[in-house]
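Biologist: I would like to go through this model with you, one question at a time. Please give the reasoning before each answer.

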Amino acid sequence: MKDALVLVERFTAHPDSRCWHVAWNPTATLMASCGGDRAIRIWGKEGDSWKCLSVLQDGHQRTVRRVAWSPCGTYLASASFDATTCIWKKKNDDFECLTTLEGHENEVKCVTWAPSGNLLATCSRDKSVWVWEVDEEDEYECVTVINSHTQDVKLVVWHPTLELLASASYDNNICVYKEEDDDWECKATLEGHTSTVWSLTFDPSGQRMASCSDDRTVKIWKRFDGAYMTWKCVCTLSGFHERSVYDIAWCRLTGALVTACGDDGVRVFKEDSTADPEQPVFSLAAHVSKAHSQDVNCVAWNPKEAGVLATCSDNGEIAIWKYQDDHE
Amino acid sequence: MNMEEKELEVYDVIRSIRDPEKPNTLEELDVVTESCVEVRPLPGDEYLIIIKFSPTVPHCSLATLIGLCLQVKLQRCLPFKHKLEIYVSEGTHSTEEDINKQINDKERVAAAMENPDLREIVEQCVMEPDD
């Protein structure tokens, strides 16, 4: 392990609360974070440090679990334990609540925009995944409710290039959905993890997916397109994480994988370029054992600057890191 | 390093938690005992606390409620850095695995504590007599 993960900046984002999620906007000029204090905060760079530009406090009645930027960067969606999803529109440095999407029976765990910008997906402890369509008049309509999981759905994520949706669940499985005749259907169920799957990320090509779990492992899945689309687990990373792995992110720019763990650590894994593509090998390239003083909940690669990473924690902090590849 | 001292510190926090249904503490009902607490050292001056409690009744919601009380009180009252694992002791419950999974899912715990009715019950159970 010769590479390093260097701390660039650390600051309190949500005082006396958990910071559950942090997300870069598409141009990496802003970050949005959310937490147990029911607030969403918008961060911008002022010289060398990050400053809070705006606090969106009245959108939700309970914890805000996730925030997601639209591909155009003008809209922000927030998912809350109050069972709603808010859509915010950027107006200069501030955000105004456009609409509130209702329908889930209980906590919404995740919201995510499709790369096209026309679709949104949400998931909930009510075991369902909802797909919403947005039209030119900023009107949102639920087009499908999918009930493929048998338990709490923790996360939904869109494929980078194809119209495919994937979800991770407390039922230990991953589902992959495709649109068929105007309806979304589960086309593949990926079994293998032995506990809750917390997060998923697609590789830059979309040929592979990485998942992370309460079972303290990371799995790499490869897509096989035949008569039916199938996914096979081609690699399992075990023995690296001491506790639940809460988040994982695959860098679009460098192909590096990073994880957020309940042991307070952040780990970067790199793929061995000489390995057989059918049996990839990932090795631990960098590890910060006490990245935060409490659980790390989220990891997000800066979409414009290679090697820059944001993390957030139960201690309410956000930290920015620079991953220095030894071979640069 | 003396784990016994730490174990006693932990036990002192949980022994007085009131049972959600009966007018007794968890200690009085033998739901928790000194020996149900295990503490192991973790790197960086932190400790792993493992608690195995025995609910009196084979009722799923009661067991998860007790688990929730244990989570909340320890999170609030323990003065040293720790990671927590709470389990229903083996053989005391038919849906042990389900209960253990729920109690140890911090997202589920956080959401439960935002439910006003559940929160009220938990607060009553973890309240110190002189609060």
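Modeller: Bear in mind that this is a predicted model. We can start with a salt bridge inside chain A, where the side chains of Arg10(A) and Glu317(A) meet at 3.0 Å, N to O.

Biologist: How many residues apart in sequence are Arg10(A) and Glu317(A)?

Modeller: Arg10(A) belongs to strand 1 (residues 4-12) of chain A, and Glu317(A) to strand 28 (residues 317-324) of chain A. The pair therefore ties together parts of the chain whose separation in sequence is 307 residues.

Biologist: Which residue of that pair is buried?

Modeller: Buried means under 20% relative accessible area. Arg10(A) has 34%, so Arg10(A) is partly exposed. The value for the other partner is 17%, so the buried residue is Glu317(A).

Biologist: Glu271(A) and Arg208(A) also form a salt bridge. Which strands does that pair link?

Modeller: The side chains of Glu271(A) and Arg208(A) meet at 2.8 Å, N to O. The two residues are 63 residues apart, and the pair links distant parts of the chain. Glu271(A) is in one strand and Arg208(A) in another: strand 24 (residues 266-271) and strand 19 (residues 208-213) of chain A.

Biologist: Is Arg208(A) buried or exposed?

Modeller: Its partner Glu271(A) has a relative accessible area of 32%, so Glu271(A) is partly exposed. For Arg208(A) the relative accessible area is 11%. The limit for this class is under 20%, so Arg208(A) is buried.

Biologist: What is the N to O distance between Glu185(A) and Lys187(A)?

Modeller: Glu185(A) is partly exposed, at 37% relative accessible area. Lys187(A) is partly exposed too, at 30%. Their side chains meet in a salt bridge, with an N to O distance of 3.2 Å.

Biologist: Now the contact between the chains. How many salt bridges are there between chain A and chain B?

Modeller: Side chains of opposite charge can pair when their charged atoms come close. One such pair across the contact is Glu46(B) with Lys290(A), at 2.8 Å, N to O. Glu46(B) and Lys290(A) also belong to a network of salt bridges that includes Arg18(A), Asp264(A) and Lys81(B). Over all chains the structure holds 38 salt bridges, and the count between chain A and chain B is 13.

Biologist: What area is buried between chain A and chain B?

Modeller: The contact takes 30 residues from chain A and 18 residues from chain B. In chain A, the residues that lose the most area to chain B are Arg62(A), Tyr170(A) and Arg243(A), together 33% of what that side buries. Carbon and sulfur atoms give 41% of the buried area, which is about 1,800 Å².

Biologist: UniProt, in an unreviewed entry, lists "repeat: WD" for spans of chain A, including residues 146-178 and 190-222. How far apart are the end C-alpha atoms of residues 190-222?

Modeller: Residues 146-178 of chain A are 0% helix and 55% strand, with end C-alpha atoms 11 Å apart. Residues 190-222 of chain A are 0% helix and 55% strand. The end C-alpha atoms of residues 190-222 lie at a distance of 11 Å.

Biologist: Last, helix 2 of chain B. What span should its 18 residues have?

Modeller: In helix 2 of chain B, 13 of the 18 residues are buried, so the helix is largely enclosed by the rest of the structure. The helix covers residues 60-77, and its end C-alpha atoms are 26 Å apart. That agrees with the span expected at 1.5 Å a residue, which is 26 Å.

Technical notes
Residues numbered from 1 in each chain as written. Chains lettered and ligands numbered in written order. Predicted model: local features only at pLDDT ≥ 70, side-chain atom pairs only at ≥ 80, totals over all residues. Heavy atoms only, no water. Helix = DSSP H or I, 4+ residues; strand = E, 2+ residues; numbered from the N terminus. Expected span 1.5 Å × (residues − 1). Buried < 20%, exposed > 50% of the residue type's maximum accessible area, 1.4 Å probe, protein only. UniProt positions renumbered as here; feature names shortened; annotations may be inferred. Contact = heavy atoms within 4.5 Å. Buried area = accessible area lost by both parts, 1.4 Å probe. Salt bridge = Lys/Arg side-chain N within 4 Å of Asp/Glu carboxyl O.
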